[in-house]
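Open the viewer and get ready to click along. We will go from one helix out to the whole protein, and then to the ligand.

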Amino acid sequence: MTARLRLAIAGVGNNISALFQGAEYYRKLTLQGVAEADFVGITRPRIGGLGVSDLDFVAAFEIHPNKVGKPFDNAVLADPNNYPILDVTLPKVDFIVDEGFTKEDSEPGSARFKAIVSRLREAKAEVLLYSLPTGLQWALDAYARASLEAGVAFVNCTPDIGARSPELLAAYEKAAVPLIGDDLASHLGTSVVHRTLLGLLSERGITLASSYQLNFGGNEDFRNLRDHGANKRDSKINALAQDGVDTSNVEIIPSAGYVPHLKDSKVAMLNLEGLGWAGTPVSLDLKLKVQDSSNAAGVIIDLVRIAAAARRARLGGFSAAATRRLKSPAGGHPKFTPEIIENSFNQLDATPVR
Ligand SMILES: NC(=O)c1ccc[n+]([C@@H]2O[C@H](COP(=O)([O-])OP(=O)(O)OC[C@H]3O[C@@H](n4cnc5c(N)ncnc54)[C@H](O)[C@@H]3O)[C@@H](O)[C@H]2O)c1
């Protein structure tokens, strides 16, 4: 039997609520006798021998007063998290959520840094999932350094620079610890839909005149991205350009608005204007509506299993298997062909079970 994945969390927001509740949803299906191959909403039932509900949450770091000092299973449902409550009986996970980094206390050698490293070690965490609001580069640096010091694999959900930092990547490679990032490519998100449509126009010989992508929603991520959307915009452009699509006439607004009553639903409006035969116009408008944090969790579940399997195999640095689940992978998309990605999955799946 493969040992369950010991997961630590930085930032107990909506992504984590979706992951925690979702893992339980799949455990319930297993108890009901549903075969893994029949699970809905899963890309890969097993990675490195790990199933989608083989997660143990073992430590968490936060700064929000509704979450710090609270049992994890309470914190994950606390305001302002607004992911829906799923129809599952949640397990008791009653370790206490610890105080995370503040800007003033984030240097290696600070008391908080030492406390976070020793908590990760004491919890025997294998992976630290970094899921803070976008735009806190100092925080990403601090958590990534603490994770490395503790020998724990790091997964960056945000568009802030983690695995794309050559210096950080080299340090993780040297220590044989995995570093997976940056920025989730959501399960069926705007980027993959937009990229597919742009590719379709190009394949059919329609010349793109202009295109836009407007995103809005009612969770904290959209509130934050209204003001801190620059990295997100760049990362979304990386995701569109990954198959050689020309993005020079494409405009992206990561958060065109915070609409509270949408809660954790996200709406994206896509428009593509093109020119066909004899310069006559072609126009395409599309509305996509998704459960935003399910869209994240459906990908996070693969990234954390990739990170854990790579750590168990002592494969440090970036893992090619993670490429298509990220908007801005270390080294850029063109480096990773489908064959390289599949070989990487095969290598992780061949890791001896422990
Ligand atoms: N589909 C998606 O939802 C999606 C896709 C791609 C990327 N992302 C990124 O994932 C990240 C998390 O998204 P979310 O919806 O869970 O956000 P969220 O705002 O719900 O959660 C972030 C959590 O981090 C906590 N936090 C803030 N500063 C902290 C610190 N110094 N230490 C510890 N915790 C701290 C906040 O209190 C909050 O609980 C965002 O950066 C988002 O852009 C999300």
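Start by selecting residues 230–241, which form helix α8 in this predicted model. What span should its 12 residues have at 1.5 Å a residue? The expected value is 16 Å, and the end C-alpha atoms are 17 Å apart, so the two agree.

Stay on α8 and colour N231, K232, S235, K236, N238, A239 and L240: these residues are buried. What do the buried residues of α8 pack against? Show α6 (190–203), α7 and β8 (250–258), and you have their packing partners.

Now zoom out and give each domain its own colour. The domain assignment lists domain 1 as 5–185 + 294–349 and domain 2 as 190–291. Taken over C-alpha atoms, their centres are 26 Å apart. Where the domains meet, 19 residues of domain 1 are in contact with 18 residues of domain 2. On the domain 1 side of this meeting place, you will find six nonpolar, nine polar and four charged residues.

Next, select the ligand. Why does it lie between the two domains? Both domain 1 and domain 2 give residues to the shell around it, so its place is between them.

Display that shell: 30 residues surround the ligand, and G11, G13, N15, G100 and E220 come nearest. Colouring by type gives 11 nonpolar, 14 polar and five charged residues. Finally, highlight α1 (14–31), β2 (55–62), α7 (220–227) and α9 (292–312), each of which supplies at least two shell residues. End on α9, which gives the most, with four residues.

Note on methods: Residues numbered from 1 in each chain as written. Predicted model: local features only at pLDDT ≥ 70, side-chain atom pairs only at ≥ 80, totals over all residues. Near = placed C-beta within 6 Å. Nonpolar A, V, L, I, M, F, W, Y, C, P; charged D, E, K, R; others polar. Domains from an automatic or database assignment. Contact = placed C-beta atoms within 7 Å. Expected span 1.5 Å × (residues − 1). Buried ≥ 20, exposed ≤ 12 C-beta atoms within 10 Å, placed from the backbone.
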